[in-house]
Amino acid sequence: MTPVDTPTENRAAVRTLGNFIAGEWRESTGRRVPDLNPADVTEVLADAPASTAAEAASACDAAAAAFEGWRATPAPKRGQILYAAQRRMEERRRELAEILTREEGKTIAESLGEIQRATNVIEFFAGEARRLTGETIPSELPHNFCYTVKQPAGPVAVITPWNFPVAIPVWKIAPALVSGDTVVFKPASLTPLTAAVIVEIFQEAGVPPGVLNLVHGSGRDVGDTVVRHPAIKAVSFTGSNDVGIGLYGAAAARGIKCQCEMGGKNPIVILGDADLDLAVESAVQGAFGSTGQRCTATSRAVVVDRVADEFVERLDARASKLVVGNGLDAATHVGPSVDEKQMQTVLDYVDVGRREGARLVRGGDRLTANGLDRGYFVAPAVFDRVDANMRIAQEEIFGPVLSVIRVADDRTALTVANDTRFGLSASVYTSDVAAMFRFVDRLDAGIVHVNSPTVGGEAHIPFGGMKATGVGLREMGRVAIDFYTELKVVYVDYTGSARQGNLY
Ligand code: NAP
């Protein structure tokens with residue numbers, strides 16, 4: 001039995017997806033787009049609409065109409081609905097994990113992990129409902145009382161990528177809902193079925209009509225309409241730099257809030273005294289987990305010369321054990337690229353690396369034996385002797401490709417680690433406490449790990465990048481609420497007399 005045969009036997013019926021607007025599932029008049037399994041493109045999971053701009057606008061209108069009622073709903077009541085969504089996601093966890101693996105390609109263990117993270121996020125923000133506090137601030141005037149309150153920002157747009165199609169929408173939708181915002185959700189075109197199930201979960205939890213709306217369709221038609229719609233007061237985007245910066249400009253032109261979390265080129269720095277077993281394991285997890293299709297994926301290993309030969313040798317041996325295949329097969333470590341275009345991008349970068357003069361230690365070919373030709377599989381690739389200026393060391397590949405960059409010493413390691421336009425995540429491997437703090441201090445990354453992989457994040461801990469990776473406030477953690485609310489300052493004068501002086 002080939003790795004792809006088992007799932008093929010268990011195929012579900014093709015689902016016809018609609019948009020969820022004003023509390024009802026509506027058919028779209030747009031053309032239908034087949035939703036394919038990247039591990040086996042003969043499997044069609046669903047057929048999703050390329051919705052029209054008018055349909056996107058009606059979702060924004062529905063979010064606007066529902067806003068007054070939702071903002072007036074006491075925050076702890078909103079939190080109760082989120083707790084119900086948490087329970088519902090737990091109940092539907094297995095079903096959702098299989099859909100996620102079939103639709104995006106990641107392994108079933110990775111899907112279950114992503115759903116666990118999403119469930120944790122909902123739980124965390126449900127709890128925040130009872131902590132949407134402001135502060136009291138002593139006035140410089142006698143008999144004056146000053147305080148702040150957090151009010152909902154308004155209807156918000158949530159625009160998400162395909163690589164974490166459960167966790168990322170949830171870490172935007174949950175804080176928005178708890179803050180009292182209504183939402184128009186535009187998921188990635190490649191993962192419409194996962195998006196539909198997430199919305200069903202919130203619907204089943206009791207989110208009122210119009211509070212959460214879903215519109216499938218292209219970024220150009222649906223995404224752009226939503227960002228420019230007058231009802232939308234804030235945009236939360238995760239995706240590529242090209243799209244994010246364009247969208248940031250459109251939001252800025254309207255004078256509305258926008259947060260964009262974008263690409264990464266994350267380094268793992270391995271100093272001379274590093275525990276190499278630990279470093280190799282983390283490099284493999286970080287580079288090849290989720291098929292390298294993670295914004296936090298490790299794409300550069302910056303290794304000091306003293307341990308570089310040994311690191312590369314052990315890395316090669318460890319990578320040789322990775323099983324590539326259909327994510328539904330429990331033996332699989334690395335699933336497919338999400339679609340043909342993404343696979344071709346990875347293969348093209350492998351070519352670029354070769355032509356630039358890096359040494360391909362292993363992998364980098366398309367895999368087609370044993371039925372893998374029905375999907376988009378690439379053997380995990382390791383390049384050695386990569387120069388820090390090469391394109392494979394500078395550009396986001398978003399696939400299972402790791403570049404080893406050898407450096408003379410710690411100082412050069414830091415310079416090289418910081419030498420990209422991105423700044424999402426970085427790891428340093430050392431047992432020297434002073435060196436560790438020097439790196440923690442000076443690495444240009446929104447998230448720094450010490451002796452742990454570049455990937456991962458917890459529901460209650462802020463997440464996001466600096467430099468070209470991120471603009472706007474961080475996501476997750478309590479700070480996420482700041483994006484979805486407006487801070488109002490209140491002055492109450494109880495002197496009963498007109499103010500004397502101090503009128504600035
Ligand atoms: P993408 O092509 O930028 O798409 C992201 C979302 O934006 C999709 O829903 C897309 O719709 C939509 N979109 C496209 N053009 C638009 C437009 N003109 N106006 C409004 N929306 C538009 O990114 P992707 O390929 O899905 O995701 C991969 C990228 O996401 C990588 O660069 C990765 O690093 C980044 N990412 C970053 C983080 C982070 O937290 N920093 C996390 C995960 C992923 P369509 O699907 O219809 O094109």
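The largest pocket has a volume of about 1300 Å³, and the model it sits in is a predicted one. A total of 47 residues line this pocket, and those nearest its centre are W162, G239, S240, N241 and V243. Several elements give two or more residues to that lining: the helices α6 (167-179), α8 (219-228), α9 (241-254) and α12 (340-356), together with the strand β11 (234-238). Sorted by class, the lining of the largest pocket comes out as 21 nonpolar, 14 polar and 12 charged residues.

Next comes the ligand. There are 29 residues around it, and K186, S189, S240, M262 and E396 come nearest. S240 is thus on two lists, being one of the residues that come nearest the ligand and one of those nearest the centre of the largest pocket. W162 and G239, also among the residues nearest that centre, each have a polar atom close to a ligand oxygen. For W162, an N or O atom in the side chain is 3.0 Å from an oxygen atom of the ligand. For G239, the atom in question belongs to the backbone, an N or O lying 3.3 Å from a ligand oxygen. S189 takes part through its side chain, with a polar atom 2.5 Å from an oxygen atom of the ligand.

S189 turns up again in the second largest pocket, which has a volume of about 440 Å³. Its lining is made of 23 residues, with V33, P34, D35, S189 and L190 nearest the centre. Two strands, β4 (32-37) and β5 (40-49), are the elements that give two or more residues to this lining. Of the elements involved, β4 gives the most, namely five residues. By class, the lining of the second largest pocket has 13 nonpolar residues, along with five polar and five charged ones.

Besides the pockets, there are closed spaces to look at. The structure holds two cavities of 30 Å³ or more. In the largest cavity there is about 100 Å³ of space. It is lined by 15 residues, and the closest to its centre are G292, A297, S299, I397 and F398. Nonpolar and polar residues number six each in this lining, and three residues are charged.

The second largest cavity has a volume of about 80 Å³. Sixteen residues line this one, and P267, R300, A417, F422 and D444 lie nearest its centre. Strands β13 (266-270) and β20 (425-429) and helix α14 (410-418) each supply at least two residues of the lining. The class count for the second largest cavity is seven nonpolar, five polar and four charged residues.

Finally, there is a small piece of strand architecture to pick out. Three strands form an open sheet in the order β6-β7-β23, and the pairing is antiparallel. The edges are held by β6 (136-138) and β23 (485-493), each of which pairs on one side only. From one strand to the next, the twist averages 25°. The pairing of β6 with β7 (residues 144-152) is antiparallel and runs over three bridges. One residue pair in this match can be named: I137 has C146, in β7, as its bridge partner.

How values were computed
Residues numbered from 1 in each chain as written. Predicted model: local features only at pLDDT ≥ 70, side-chain atom pairs only at ≥ 80, totals over all residues. Heavy atoms only, no water. Pairing = 2+ DSSP bridges. Helix = DSSP H or I, 4+ residues; strand = E, 2+ residues; numbered from the N terminus. Axes fitted to C-alpha atoms, helices over the stretch in contact; angles between N-to-C directions. 1 Å grid on protein atoms, 1.4 Å probe; cavity = no way out; pocket = protein on both sides within 12 Å on 5 of 7 lines; lining within 4 Å. Points joined across faces, edges and corners; volume = space filled by probe spheres on them. Nonpolar A, V, L, I, M, F, W, Y, C, P; charged D, E, K, R; others polar. Near = heavy atom within 4 Å. Polar contact = N/O pair within 3.5 Å; in protein donor to acceptor, adjacent residues only side chain to side chain.
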